[in-house]
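Please work through the exercises below with the coordinates open, and try each task before reading its solution.

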Amino acid sequence: MQRLHDIIVVSDLHLGRGKNPLTGRYHRLEACFYDDDFHHFCTDLVREAHERGNRLKLVLNGDTFDLLRIEPEPDQTGAHWPRYNRALTPTEAALTMRHILEGHPVFVRGLAEVLAAGHMGVFLPGNHDPEIQWDAVRDEVRRALEAELARGAGVGSGAAEAAARAAEGLRFESWFHHEPG
């Protein structure tokens, strides 16, 4: 029998490109300014779950990322596409996801702390981030979380293995999340 766990559902964060690491300023169309709040929320979830002796599952229920209302990538000439973003290919969406995650390192750190504590994180797509269903985009999310987990695990023997074990708690669902029973 599977052990019971708390289910925490968060939706509609709409992370865009975040802060430009060179200027420290938010990108023009950024809609999520709550990375620190999300990180504190994750820290509190982990602490409270530990105090109660419970497992938890953090479900990011769509529109976690905003690949629709975001500054487009420059094209080969350096010009930007005219307005917001256009339909993306899997490769373009993966690059955009990389930039989103680079612009929100504190968000990534918060989610990594949930995974590092042995809990689960589940991503569901929304209408602003249906690209999360593509393997290339999922790989970018995994890469960012695994890198953060490795930083948190430190150096030395076992650090990479600990980060890999923690990353096993990351799940992607293509439509909805169902809890049997």
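The exercises that follow concern a predicted model, and each task is paired with a worked solution.

**Exercise 1. Helix geometry**

Compare the end-to-end C-alpha distances of helices H2 and H3 with the spans expected at 1.5 Å a residue.

Solution. Begin with H2, which covers residues 90–103 and therefore has 14 residues, for which a rise of 1.5 Å a residue, applied to one less than the number of residues, leads to an expected span of 20 Å. The C-alpha atoms at the ends of H2 are 20 Å apart, in agreement with that expectation. Next take H3, whose 12 residues reach 16 Å from the first C-alpha to the last, close to the expected 16 Å. Finally, look just beyond this helix: H3 is followed by Gly 118, which has a positive phi near 90°.

**Exercise 2. Burial along two helices and the nonpolar core**

Identify the buried residues of H2 and H3, and then determine which element gives the largest share of the largest nonpolar core.

Solution. With under 20% relative accessible area as the criterion for burial, the buried residues of H2 are Ala 93, Ala 94, Thr 96, Met 97, Ile 100, Leu 101 and Gly 103. In H3 the buried residues are Val 106, Phe 107, Val 108, Gly 110, Leu 111, Ala 112, Val 114 and Leu 115. As background, nonpolar side chains tend to be buried together in soluble globular proteins. The largest nonpolar core of this model has 38 residues, and the members that touch the most others are Leu 58, Phe 65, Phe 123 and Val 141. Two or more residues come from each of helix H1 (35–52), strand S2 (55–61), H2, helix H3 (105–116), helix H4 (135–153), helix H5 (159–167) and strand S4 (170–172). The largest share, 6 residues, is that of H3.

**Exercise 3. The surroundings of Phe 65**

Find the contacts of Phe 65 outside its neighbours within four places in sequence, and classify the ring pair that Phe 65 forms with Phe 107.

Solution. Once the neighbours within four places are set aside, Phe 65 is in contact with His 14, Leu 15, Met 97, Ile 100, Leu 101, Phe 107, Phe 123, His 128, Asp 129, Ile 132 and Val 141. Turning to the rings, the structure holds 6 aromatic pairs. In the pair of Phe 65 and Phe 107 the centres are 6.3 Å apart and the planes stand at 80°, so the arrangement is edge-to-face, given that angles over 60 degrees are classified in this way. Because Phe 65 lies in the loop between S2 and H2 whereas Phe 107 lies in helix H3, the pair ties together parts that are 42 residues apart in sequence. Both Phe 65 and Phe 107 are buried. In a wider view, ring pairs link Phe 38, Phe 41, Phe 65, Phe 107, Phe 123 and Phe 172 into a cluster.

**Exercise 4. Salt bridges of helix H4**

Trace the salt bridges of Glu 140 and that of Glu 148, and state how accessible each participant is.

Solution. The structure holds 9 salt bridges. In one of them, the side chains of Arg 98 and Glu 140 meet with an N to O distance of 2.8 Å, and this pair links distant parts of the chain, since Arg 98 is in helix H2 and Glu 140 in helix H4, 42 residues apart. Glu 140 also meets Arg 143 at 3.0 Å, N to O, and these two both lie in helix H4, 3 residues apart, or about one turn of the helix. As for accessibility, Glu 140 counts as buried at 9%, whereas Arg 98 is partly exposed at 30% and Arg 143 is partly exposed at 33%.

Further along, Glu 148 and Arg 151 form a salt bridge at 3.0 Å, N to O, and they too lie in helix H4, 3 residues apart. Here Glu 148 is buried, with a relative accessible area of 12%, while Arg 151 is exposed at 57%. Elsewhere, salt bridges with shared partners join Asp 44, Arg 47, Glu 48 and Glu 51 into one network.

**Exercise 5. Positive phi in a loop**

Examine the phi angles of Asp 12 and His 14, and decide whether each residue is buried, partly exposed or exposed.

Solution. Asp 12, a residue other than glycine, has a positive phi near 60°, and its place is the loop between strand S1 (5–10) and H1. His 14 is not a glycine either, yet its phi is positive, at about 55°, and His 14 is found in the loop between S1 and H1. With a relative accessible area of 43%, Asp 12 is partly exposed, whereas His 14, at 17%, counts as buried.

Note on methods:
Residues numbered from 1 in each chain as written. Predicted model: local features only at pLDDT ≥ 70, side-chain atom pairs only at ≥ 80, totals over all residues. Heavy atoms only, no water. Helix = DSSP H or I, 4+ residues; strand = E, 2+ residues; numbered from the N terminus. Buried < 20%, exposed > 50% of the residue type's maximum accessible area, 1.4 Å probe, protein only. Core = buried A, V, L, I, M, F, W, Y, C linked by side-chain atoms within 4.5 Å. Contact = heavy atoms within 4.5 Å. Phe/Tyr/Trp six-rings, centres within 6.5 Å; stacked < 30°, edge-to-face > 60°. Salt bridge = Lys/Arg side-chain N within 4 Å of Asp/Glu carboxyl O.
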